[in-house]
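Okay, everyone, let's get going. I'd like to walk you through some empty space and then a bit of strand and helix.

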Amino acid sequence: MRVMFNGFILLLVCSLACCVSDTTPPTPALLTERMLLDQQWRFFKYADASQADALIYDVRPPLLDDEDGKAADAEPDAKVALTARPDQQILKPWILPGANPFIADPTARHQRPAGPSPGQSFPFVQSSFDDSQWQQVRLPHDWAISGPFLTCDDAAVGGGMGRLPSPGVAWYRRQLEFSAADADRQLYLEVEGAMSYAMVWLNGQLVGGWPYGYASWRLDLTPYVRFDGPNQLAIRLDNPPASSRWYPGGGLYRPVWLVKTPKLSFSQWGQTITATPHQARNGRADSNIQLQTRLSNQSTTPQQAELRVHIYALEQGQPGSEVLARLPLTKTQVPAGGEITLSSAVLLKQAKLWGPRPSQQPNMYLAVSEIWQNNQLVDRQQQRFGIRDLQFDATAGLKVNGEKIYLQGANQHHDLGALGAAFHPAAARRQLLLLREMGVNAIRLAHNPPAPALLDLTDELGFLVINEIFDAWQRKKTPLDFHLIFDDWSEADLRALIRRDRHHPSVIAWSVGNEVGEQYTGEAGAVVARRLHKIAKSEDPSRPTAAAFNYAKPDMPISAVMDLVSLNYQGEGIRNAPAYQHLAGIRTSPQYPAFRRAFPHKLMLSSENAAAVSSRGEYLFPLAAGNSAPVADGAGGDPHSQQVSSYEIYTAPFGSSADKVLASLAAHPEVAGGFIWSGWDYLGEPTPYYGARSSYFGAIDLAGFKKDRFYLYQAAWRPDLPMVHILPHWNWPDRLGHITPVHVFTSGDAAELFINGISQGLKQKKPGEYRIRWDQVRYEPGRLKVVAYKNGQVWAEQQIGTTGAPCRLALQTEQPEPAALLFITIRVEDCAGQLVPTAKLPFQIKLAGATDVELLATDNGDPTDFTPFPANARKTFNGLGLAIVRPTAGSAVTHITVSSPGLIPAQLTWPASPAQQHPD
């Protein structure tokens, strides 16, 4: 299979006079405008869902049993049939028509009911309602992330959903102003993500909505707008309990836009650029650029239109001044109230190709498209795109521009740790850069559509992406999850996702499901899978489809449907190693050979593997003898502290250690690579201790601090990086004379360990091993030194030692220059400047100087810490804490002071002087 492509739609207000030098100046009032609605919102959430209004989307099953902590690989259940009571008014018939643009069969589209709009008499939708006592919020807004955490055993929200109050019913209100000139435009509300069951009123009229909380969608406000005064916008959200296996967040957690277009304009997500390179060489190739552009005419008469398209190179995100190519002029007539699709093509000579780092460069281009009418510029849009050649070969693996790229991937949930579900590009960039440092070159989005800006970042930074949409189909994993709306909305959700994201060169495949219950239903499940596969291919025939299976075997009907073989845990085997034999649940022998025999022409990947668990800096004894073992109380896990040992051997019951996974993949070179579970810790799903708030799965903890596993993967994935890492720390006053194993992760092939200058022996890394172990070391305080070798030469060295008592705090920043967010690491050090790796001490943060600087959150990476994230005081966890600050724009100075009783405080001035900037 061969795939070549793309970029993304970005409508801008600017005239781009610097880019389009051969056109007359536009009339700005006629062009599409996108206005970010991030301010002036009022927010109200009912204290309890039982007190909420009756404006429900649809009837739901009673919540009789929510098993928090249910095994992640448990078989999903069938849907419960429901009937609304006579006294219930269901608003679904008014919401369903919003899906119509994404339903291919005209006979399956929905008709809005006639008659009065539901809810128009409800106070919250009326302009006269006084919302001055409601909370004033700024978007993006996650209503649950401030807490409080729900810590009791019978809490309404357990560990699975992060013990935060994300369920509930809430309203957002703000006013919109329109000018008389806007009467000649189409006026839209665009929402990048609203959790969940969104319903929108304008001036008391129900406009529409969208139930899936991860979807991006648009509503036409035009019929409901008033031009003689303020317009009242009201958005109702209803986030069900027991609706997710992880923390979903709540609220308008991604950007919201007011979009004004001319009557004759570009359709939403209506342009496709297919770029086909020929004979790539040295990162360049002659490339055919083909465009399909859909124009919309919302006027009452047919309109003549002329399409002009110019292509520019992007350098550091900015378009160059030279027009590299002009597509042939296209003229057409767009019918009244209709759409039309135009096609054109051009050859771009020696184009720079987009490719993944580090071996390639993520070069991008910009297509500037204009609609002209009677020599007047009517509308303009910009679309970024990349040119690359993808080949999915069952034997050779994935090739990008002719180069084999082995997938060194990580699964990522959507939350940003202490910032919750609210999307901040700076925080997402931080996550990606740390993953890249570990050696990650690919991301699987688990298990829902991402924020659009995340894909902007993966394009820019050169990551490959598997874009995933559903965690459930018709069968449920939690009582009130997506299965309730799958039949009504899955086509619209999938088509909308692909149209939105198909222009990102970083996206290499569409995954339409994760561990779905239809694996268990034979041919009936395959029917559902074929429907989704067909939808995806109709929207984007260039990319392969996938669905991640943890149960389906090669001879099951569902396994044959998708283009890729995408296996969760099955490749390495599930509960098949000796240490796992006593466990109940799915038991599977390693499946790579069986799937290869069944599907010899399909590329195979490990879409989810490992599920190793650990708490940063926590080491529990004794240590399991093998290289992979299930965590249990007293065997890698402490039920009292609810911490998991960081020797990086322990896993979820269905998982395998990093060592076992890497060895398995190395033994099966026919597999194109895989995606670890997970790159970062995330909120919710805290296996094995559901009394906690966040997961233990990440190679990086929730605060962004590296666990030991980070270095195990780095050693394997970056073999040319001289590195060595020792674990555990060496502060063990209670273990004098006791066996305290020392392990080393290195990109070298051998290492020698010294304790207080005495060699413990030189050891070679054996084939299939990814750590070097000294398991019989007895603890004595002092210094550990390890010297790593490669091909007989010294490769890297590291020393750690027993530290003194906590003496002072130190601050490190990750950004040398002012940024949208400032991430400050708080270190507890001894008087010699060494990190005290066991310090769990209180700290407090004070900000002074600029008046509008904001402390957004603090954290420490401890999955059991229930201090609210916005708090300015908490404890360090094993020597480290984190503060996230939104700095003042411009040159204003902020003074940051962090103190702890009995320790020398630390101060930081922002923007920092060179003398203040600390090394990593």
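**Cavities and a crossover**

So, by class, 14 nonpolar, 5 polar and 1 charged residues line the second largest cavity; Ala, Val, Leu, Ile, Met, Phe, Trp, Tyr, Cys and Pro count as nonpolar, Asp, Glu, Lys and Arg as charged, and the others, Gly among them, as polar. Quick caveat: this is a predicted model, where local features need pLDDT of at least 70 and side-chain atom pairs count only at pLDDT 80 or more, while totals for chains, interfaces and linings use all residues. Residues are numbered from 1 along each chain as its sequence is written, and side-chain values use heavy atoms, leaving out hydrogens and water.

By cavity I mean a set of points, on a 1 Å grid over the protein atoms alone, where a 1.4 Å probe fits but cannot get out; lining residues have an atom within 4 Å of a point. Points are joined across faces, edges and corners, and volume is the space filled by probe spheres set on them.

Back to that second largest cavity: about 210 Å³, with H413, H414, L445, P450 and L454 closest to its centre. Which helix gives the most to its lining? That's α2, with 4 residues; helices are DSSP runs of H or I, at least four residues, and strands are E, at least two.

The largest cavity is about 310 Å³, and its 24 lining residues include Y212 and D481, among those nearest its centre.

Last bit: β26, α5 and β27 make a right-handed β-α-β unit, meaning that, with the strands pointing away from the viewer, the path from the first strand over the helix to the second runs clockwise.

Definitions and conventions
On a 1 Å grid over the protein atoms alone, a cavity is a set of points where a 1.4 Å probe fits but cannot get out, and a pocket is an open set with protein on both sides within 12 Å along at least five of seven lines; lining residues have an atom within 4 Å of a point.
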